[in-house]
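Biologist: Please give me a close look at one part of this model. Start with how it is paired, then tell me what packs around it.

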2 protein chains.
Amino acid sequence: MLRIVLVAPRNPLNIGAAARAMSNFGFPDLRLVNPYDVAFTEARSAVRSHYILEQAQVCASVGEAVSGCTLVAGTTAVGNRDLHVPLYRLEQAGPIMREHLESSPAALLFGSEKFGLSNEDMSYCNWLLRIPSREEHASMNLGQAVAICLYELKRDAALAGTRFPTPEMADAGDLERMTALLTETLQHSGYVNERTSQSTELKIRRLVRRLRVPQGDLETWLGILRQILWKAKG
Amino acid sequence: MLRIVLVAPRNPLNIGAAARAMSNFGFPDLRLVNPYDVAFTEARSAVRSHYILEQAQVCASVGEAVSGCTLVAGTTAVGNRDLHVPLYRLEQAGPIMREHLESSPAALLFGSEKFGLSNEDMSYCNWLLRIPSREEHASMNLGQAVAICLYELKRDAALAGTRFPTPEMADAGDLERMTALLTETLQHSGYVNERTSQSTELKIRRLVRRLRVPQGDLETWLGILRQILWKAKG
């Protein structure tokens with residue numbers, strides 16, 4: 001089970017946004033360490049994530065908030081602070097946490113909007129993680145940071161690289177029917193003249209072959225071409 | 001190059017949050033289709049993402065917003081709508097978009113907070129993508145959805161599964177020095193009695209072997225044990 005711990009959050013919108021993302025991704029266990037009271041009260045009025053904030057525990061210390069967890073990971077935007085624990089990028093941290101969560105509880109810590117996690121907060125962490133934002137603007141909004149971390153934990157790596165099956169394509173015979181209709185239409189429209197008609201037909205055949213026409217759209221295209229031909233003949 | 005297109009956004013905080021995430025992840029190209037004017041004006045006052053909103057183009061139609069893009073992907077929370085285009089999960093969409101972006105421009109469309117993308121908006125899309133949120137609460141906050149999609153595009157799949165190198169561990173000799181000091185301390189503290197002293201020594205040896213003591217911490221531990229032993233002897 002994953003516990004989300006917000007340390008000293010000050011903005012009710014961020015607390016609400018964190019709770020909404022937790023509801024979106026199915027991680028309902030929220031603890032707040034020394035939240036700014038007004039912020040927490042306001043956040044509780046957030047729609048739909050209500051149940052998460054109702055159940056949220058307010059703790060007096062980080063130690064209390066992470067009690068029972070066998071893995072504690074802190075989040076930081078700063079890569080070059082003098083860290084005493086390993087620092088992973090979120091892509092690395094995700095698989096490690098997922099594996100841990102299969103058998104044991106873990107906590108994910110987020111610091112306050114203004115200062116992030118303090119060195120004391122970090123001393124409770126087994127390791128830290130960093131969302132791969134740009135160095136020039138690394139600091140992320142708290143609600144967005146929570147959402148991204150939870151997405152990383154939920155994402156199904158096995159899906160990456162699997163593509164939607166390509167729809168069945170019109171075959172050579174289908175394409176030739178289209179070519180014939182289009183050629184006849186162009187002859188009746190004056191696009192093709194006697195002298196060059198043979199090379200034009202080749203051009204049209206190649207044009208049609210370069211299209212990717214899904215089998216399911218073929219009859220629609222043939223209907224359109226027949227209608228235009230009928231008009232061109234009239 | 002990736003263009004982010006917000007269709008009919010109404011909440012200035014969401015527009016600002018989208019711009020902040022774009023700055024965090026380094027995708028500065030923003031277009032807004034029929035934004036609620038007040039919202040856009042308010043959002044422009046957002047700190048740091050200012051430059052993205054200053055440069056943002058306001059468009060009258062989705063067609064105008066996606067012009068020049070050779071891949072247009074729409075986002076949707078609804079999986080079971082009668083969709084006429086392929087629907088990917090974000091994990092699948094990420095690699096496809098990244099590959100496309102290596103050579104060609106693409107657009108990522110987000111609908112309004114209340115209604116999402118309309119069927120007409122979707123008709124401009126080559127395919128749709130869905131963030132893997134819970135079915136029971138699929139609808140995400142706009143700013144968080146933008147942040148998650150951009151993270152998926154930036155994440156480095158090659159890093160997943162690579163772990164921080166394990167620190168070098170204390171070797172058998174080091175552990176035996178710890179065992180000896182701890183045993184002697186416990187003898188002086190009355191923890192070990194004559195009769196059971198041999199089996200206790202075995203217990204302590206096993207206890208110490210089950211610890212994972214980093215080589216770099218060894219001298220600190222030995223110093224602690226020596227100090228305690230000194231005190232116990234006194």
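Modeller: Two strands pair if DSSP finds at least two bridges between them. Helices (H or I, at least four residues) and strands (E, at least two) are DSSP runs, numbered from the N terminus. Residues count from 1 along each chain as its sequence is written, while chains are lettered from A and ligands numbered from 1 in the order written. This is a predicted model, so local features need pLDDT of at least 70 and side-chain atom pairs count only at pLDDT 80 or more, while totals for chains, interfaces and linings use all residues.

Take the sheet of chain A. Seven strands form an open sheet in the order β3-β2-β1-β6-β4-β7-β5, with parallel pairing. The edges belong to β3 (57-59) and β5 (87-89) of chain A. Each has a single partner strand, so one side of each is left without a neighbour in the sheet. From one strand to the next, the twist averages 30° (axes are lines fitted to C-alpha atoms, for helices over the stretch in contact; angles run from 0 to 180 degrees between N-to-C directions).

Now go strand by strand. In chain A, β1 (residues 2-7) pairs with β6 (residues 106-110) in the parallel sense, over five bridges. Here L6(A) has F110(A) of β6(A) as its bridge partner. On to β4(A), which pairs with β6(A) over four bridges, again in the parallel sense. G74(A) stands opposite L109(A) in that strand, β6(A). β4(A) also pairs with β7(A) over three bridges, and the sense is parallel. In β7(A), L129(A) is the bridge partner of T75(A).

How enclosed is β4(A)? Four of its five residues are buried (20 or more other C-beta atoms within 10 Å of their own; exposed means 12 or fewer, partly exposed is in between, and C-beta atoms are placed from the backbone), so β4(A) is largely enclosed by the rest of the structure.

Next, the helices on the sheet of chain A. α5 (residues 90-101) of chain A lies across β1, β4 (71-75), β5, β6 and β7 (127-130) of that chain. It runs at about 100° to β5(A). α7 (residues 142-154) of chain A packs on the sheet as well, touching β1, β4 and β6 of chain A (contact: C-beta atoms, placed from the backbone, within 7 Å). The direction of α7(A) makes about 155° with that of β6(A).

Chain B repays a look too. Its open sheet has seven strands in the order β3-β2-β1-β6-β4-β7-β5, with parallel pairing. At the edges of this sheet stand β3 (57-59) and β5 of chain B. Each of the two has a single partner strand, so one side of each is left without a neighbour. The twist in chain B averages 30° from one strand to the next. β4 (residues 71-75) and β6 (residues 106-110) of chain B run parallel, joined by four bridges. G74(B) has its bridge partner, L109(B), in β6(B). α1(B) packs on the sheet and touches β1 (2-7) and β2 (29-33) of chain B. Its direction makes about 170° with that of β1(B). α7(B) lies across β1, β4 and β6 of chain B, at about 155° to β6(B).

One residue of β1 in chain B deserves a stop: R3(B). R3(B) is buried, with 21 other C-beta atoms within 10 Å. Leaving aside its neighbours within four places in sequence, R3(B) is in contact with D29(B), R31(B), C69(B), P105(B) and A107(B). V66(B) lies 63 residues from R3(B) along the chain, yet their C-alpha atoms are separated by 8.0 Å.

Last, the two chains together. Their contact takes 39 residues from chain A and 40 residues from chain B. On the side of chain B that touches chain A, α1 (12-25), β5 (87-89), α5 (90-101) and α7 (142-154) of chain B each supply at least two residues. α1(B) gives the largest share of that side, seven residues. Chain B superposes on chain A by a rotation of 180° with 0.1 Å of shift along its axis, at RMSD 0.2 Å (least squares on C-alpha atoms of residues with pLDDT of at least 70 in both). That is the relation of a two-fold axis. The same surface serves both copies, as 98% of the contact residues of chain B recur in chain A.

How values were computed. Contact = placed C-beta atoms within 7 Å.
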